[in-house]
Amino acid sequence: MTPALHWGVIGTGGIAADFCQALNHSTQCVVVNVAGSSPAKARDFAGRFAIPRWSDGLATLLDDPRVEAIYVATPHHLHEEHAMAAIAAGRHVLCEKPLTLEERSAGRVIAAARRRGVFLMEAFMYRCHPLLRELLVRLEDGVIGPVRHVRADFGFRAPRSPGHRLFSPALGGGSILDVGGYPVSFARLIAGVVERAPFAEPVALTASGLLGPTGVDELATAHLTFASGFTASVTSAVSYDVGMSAIVFGDRGRVVLPNPWIPNGGRQSLEAEFTVHVEGREPETVTIRTDMPTYGIEAEYVARTLPAIEPKWPAMSWADTLGNLRVMDGWRASLRAQAQL
């Protein structure tokens with residue numbers, strides 16, 4: 001049996017907790033060290049998840065010879081710094097989305113990983129889930145006929161707090177950076193099905209939204225048009241509960257995914273589903289059952305991909321990450337320009 005991949009975790013928040021809990025199901029991955037924003041947080045977190053070591057800071061974590069891969073689960077504005085430090089130390093990196101705050105800085109991180117020869121992936125965990133592969137197979141088989149449009153949303157209502165990372169411009173706040181990358185990446189992926197490519201880039205973008213009191217986008221919608229004629233409407237929100245669904249429309253019907261981002265609404269769920277509606281037929285619900293939660297599936301994907309250093313389709317390749325951030329950059333810029341009119 002291949003030895004388990006040893007992980008170090010940077011961050012002690014909710015996403016880091018979900019990651020560590022999910023890896024309790026894995027025989028291919030194990031968390032061996034953690035660092036947080038303070039030694040006390042790292043110590044307490046290690047105790048919660050029976051992690052054998054904790055570190056008093058990032059440098060100490062990266063000095064641990066047992067750590068082979070790093071999971072970056074810190075606030076958005078720290079992703080570039082923490083990913084670059086891990087890469088410089090020769091560690092493989094799985095970095096929570098967004099990889100960085102914009103395309104240019106993501107390019108720097110990707111270039112560093114390429115030079116150092118280490119694995120790097122932006123952690124859109126839904127891209128590693130077998131539910132997505134099943135969806136892609138059915139779309140490519142023409143289950144709903146030629147695919148024409150996607151509507152994809154990821155939004156929730158959080159208490160507005162100027163100092164919270166979601167609402168602070170300095171901390172990379174706003175709905176587009178926090179969750180907008182999910183529907184954008186999904187739309188670009190399905191556009192790739194239409195164009196018979198891993199993904200496709202929009203040729204036009206129009207945007208609308210609401211900026212909150214701190215200046216970040218609290219609700220944002222973009223309409224994307226692709227060269228094939230395929231279109232997508234994507235919405236993100238941090239102050240409005242717009243839902244977390246995606247619908248793929250074709251000439252003969254539609255596929256409804258109730259929550260492709262967090263299967264069945266729970267990060268520890270072992271089931272996920274979508275429903276195929278074809279004209280003249282009874283709806284078919286497709287249920288995918290797994291033996292571990294989504295974050296565990298994602299971590300094991302990294303372990304299986306090594307020693308390759310770049311993710312493979314349908315996970316987020318480096319070009320896919322750059323293209324996704326390019327769309328998000330344009331989306332945010334459009335809203336800022338409208339606000340100045």
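Is Leu210 buried, exposed or partly exposed? In this predicted model, Leu210 has a relative accessibility of 43%, so it counts as partly exposed. The legends below take up this residue and then move on to other parts of the chain.

**Figure 1. Leu210 and a nonpolar patch on the surface.** Let us begin on the outside. Leu210 sits in strand β7, which covers residues 202–211. Together with Tyr240 and Val242, Leu210 makes a nonpolar surface patch of about 230 Å². The partly exposed state of Leu210 follows from its 43% relative accessibility, because the partly exposed class lies between the 20% limit for buried and the 50% limit for exposed.

**Figure 2. Phe124 and its contacts.** Here we turn to a loop residue. Phe124 lies between β5 (120–123) and α6 (130–140), and with 2% relative accessibility it counts as buried. Which residues does Phe124 touch, leaving aside its neighbours within four places in sequence? The contacts are Lys97, Gly181, Tyr182, Ser185, Glu298, Met316 and Asn324. One of these partners, Gly181, is 57 residues away from Phe124 along the chain, with the two C-alpha atoms separated by 8.6 Å.

**Figure 3. Cysteines without a disulfide.** How many disulfides does the structure hold? The count is 0. For Cys29, the closest cysteine sulfur belongs to Cys128 and is 11 Å away, which is too far for a bond, because a disulfide needs two cysteine sulfur atoms within 2.5 Å. Cys95 is likewise in no disulfide, and its nearest cysteine sulfur, also that of Cys128, is 14 Å away. Both views look at buried side chains: Cys29 has a relative accessible area of 2%, and Cys95 has a relative accessibility of 0%.

**Figure 4. The whole chain, for orientation.** To place the close-ups, here is the full fold. The protein chain has 9 helices and 14 strands. Its C-alpha trace spans about 60 × 55 × 40 Å along the principal axes. The radius of gyration is 20 Å, which agrees with the value near 20 Å for a compact globule with 341 residues. Of these 341 residues, 53% count as buried. Among contacts with a separation of 6 or more, 66% come from residues 24 or more positions apart. The accessible surface comes to about 14,000 Å², and carbon and sulfur atoms hold 52% of that area.

Note on methods
Residues are numbered from 1 along each chain as its sequence is written. This is a predicted model: local features need pLDDT of at least 70, side-chain atom pairs count only at pLDDT 80 or more; totals for chains, interfaces and linings use all residues. Side-chain values use heavy atoms; hydrogens and water are left out. Buried means under 20% relative accessible area, exposed over 50%, partly exposed in between (1.4 Å probe, protein chains only). Patches are made of residues with over 30% relative accessible area and no salt bridge: like charges are joined within 9 Å, nonpolar side chains (Val, Leu, Ile, Met, Phe, Trp, Tyr) within 5 Å. Accessible areas come from the Shrake-Rupley method with a 1.4 Å probe; for residues, only the protein chains shown count as cover. A salt bridge is a side-chain nitrogen of Lys or Arg within 4 Å of a carboxyl oxygen of Asp or Glu. Helices (H or I, at least four residues) and strands (E, at least two) are DSSP runs, numbered from the N terminus. The radius of gyration is taken over C-alpha atoms; the globule rule is 2.2 Å times the number of residues to the power 0.38. Contact means heavy atoms within 4.5 Å.
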